[in-house]
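Visitor: Could you take me through one small part of this model up close, and then show me the surroundings it belongs to? I'd like one connected walk rather than a list.

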Amino acid sequence: MIITTKLKDGTRFLSLSILSLSGWAGMLNPVQALSVSQCTFTNITPGTIVKSSTGLKALEASTGFFGGSNDGITGSVDLDCNRPNALVSIGLPTLNSAPATFNPTISQALVQDINNPTATGTSITNGGGPFNHAPWAGQPTAPFRIGKGPQTLRIGMIVGDNSIGSPPGGFYSYSTVLTVVPN
Amino acid sequence: MNFRLIALASCVALGSIALDGKAQAQSVDVPFSGTVINTCTFGAVTSGTLTLVPGFQAVSSTAAGGSQGSATVTCSGPVATITVATPVLSGAAVPAFAPNAFQSAVKLGPLTRTAISGATPFTSAPWAVPNSAPLPLFAGVNVLAVDMLVGTNTAGTLPGGTYNYKVVLTASPN
């Protein structure tokens, strides 16, 4: 667009020439053009939440997490980054549907690198929680770094509260958003 | 001249695009779902006391000096119900005691449900209006009162001894 303007202006012509050289340099350097960081999610496996076996008024999917009560079925997703140290984080469980009488005070999601189980991240509702039992207690909330190449992430979630009881009967549906920021 | 510059500028633009590959965050939704079946859980149980039904060969929690038993049941949802069974022995039988009336009642607020067996049952309250239909429970804590009677609906004297019976309550969640 710039070049369609006053071309008799010597200063502007010089400036345009410098830009064009840098542009050519970019075009002639394919390595630099291909080195964009990127990550790709594939193979999303939904999870199944069930009433917590701890007796708490909560539903959870925690099978496979270390020290967990192994309830329900955790979800999973494959992640492939072309550079190491991408940052993985997880959002709070988002309600799709639940019985009207279910009023959870705590919701929490948890993600873990299966190849490096100590790499975990969690999200917890403000003002409540976390749950006191494994694997929900004491988890770091900060994003964690993941290695280069194919990885598998385990995802769990829990909603409810820390009191004894049972969630009301009915169908429950939630989703958790997993985010990766390439390095 | 203009065409040359346009071509040159196009290269500038393309070069800039090729170099402008910023890393973008990627997000994915992982769904979870499940179905919870309503449950009912019995809590504290308080024993009742049986005393002689005056003038009859029978003992009852409703007779003077007797007391109701009680139980709490907590349900995770409405539409659960509870039923009561007739009394059964929970200890050694008292020799020479041969009852032919077995009656129990469970109460929740103003509602009463009964279980009665035997040829000549007692018809005093709370068995005056028999109703064996399941009793609806509320979501949350339900405090149930339980009465029972066992004996023979004829005049006479009970043999001495300790009478131990129990009444089974069954909660059925939706």
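**A close look at S97(A)**

Guide: Let's start in chain A, where S97(A) sits in strand β7, the stretch covering residues 94-97. Keep in mind as we go that this is a predicted model. Is S97(A) tucked away or open? Its relative accessibility is 28%, and since buried means under 20% and exposed means over 50%, S97(A) counts as partly exposed.

Now look at what touches it. Setting aside the neighbours within four places in sequence, S97(A) is in contact with F171(A), Y172(A) and S173(A). Carry on to Y174(A) and you get a C-alpha to C-alpha separation of 7.0 Å from S97(A), although the two are 77 residues apart along the chain.

That kind of long-range pairing has company in chain A. Take the contacts there with a separation of 6 or more: 73% of them are between residues 24 or more positions apart. As for the elements, chain A has two helices and twelve strands. Reading along the sequence, you meet them as α-α-β-β-β-β-β-β-β-β-β-β-β-β. Of the 183 residues in chain A, 42% are buried. The chain's accessible surface comes to about 8900 Å², and carbon and sulfur atoms account for 60% of that.

So much for the outside; here is the inside. In soluble globular proteins, nonpolar side chains tend to be buried together. In this model the largest nonpolar core has 29 residues, and those with the most contacts inside it are L79(A), V88(A), L153(A), I155(A) and L178(A). There is also a second, separate core of 16 residues, with A71(B), V73(B), A80(B) and V84(B) among them.

Those last names take us over to chain B. Chain B has one helix and 13 strands, written along the sequence as α-β-β-β-β-β-β-β-β-β-β-β-β-β. Here 35% of the 174 residues count as buried. For contacts with a separation of 6 or more, residues 24 or more positions apart make up 72% in chain B. The area that chain B exposes is about 9000 Å², with 61% supplied by carbon and sulfur atoms.

Next, the empty spaces. The largest pocket holds about 430 Å³. Its lining has 21 residues, and S47(B), G48(B), Y165(B), K166(B) and V167(B) are the closest to its centre. Four elements of chain B give two or more residues to that lining: β2 (40-46), β5 (69-75), β11 (140-155) and β12 (165-166). By type, the lining residues of the largest pocket divide into ten nonpolar, nine polar and two charged.

The second largest pocket, with a volume of about 360 Å³, brings chain A back into the picture. Of its 22 lining residues, K57(A), G165(A), S166(A), C75(B) and S76(B) lie nearest the centre. The elements that give two or more residues to this lining are β11 (149-164) of chain A, along with β2 and β5 of chain B. Sorted by type, the second largest pocket's lining has eight nonpolar, eleven polar and three charged residues.

If you want to retrace the walk, go back to partly exposed S97(A) and its contacts with F171(A), Y172(A) and S173(A). Then move on to L153(A) and I155(A), which are among the residues with the most contacts inside the largest core, and finish at G165(A) and S166(A), two of those nearest the centre of the second largest pocket.

Methods:
Residues numbered from 1 in each chain as written. Chains lettered and ligands numbered in written order. Predicted model: local features only at pLDDT ≥ 70, side-chain atom pairs only at ≥ 80, totals over all residues. Heavy atoms only, no water. Core = buried A, V, L, I, M, F, W, Y, C linked by side-chain atoms within 4.5 Å. Buried < 20%, exposed > 50% of the residue type's maximum accessible area, 1.4 Å probe, protein only. Contact = heavy atoms within 4.5 Å. Areas by Shrake-Rupley, 256 points an atom, 1.4 Å probe, with all protein chains shown as cover. 1 Å grid on protein atoms, 1.4 Å probe; cavity = no way out; pocket = protein on both sides within 12 Å on 5 of 7 lines; lining within 4 Å. Points joined across faces, edges and corners; volume = space filled by probe spheres on them. Nonpolar A, V, L, I, M, F, W, Y, C, P; charged D, E, K, R; others polar.
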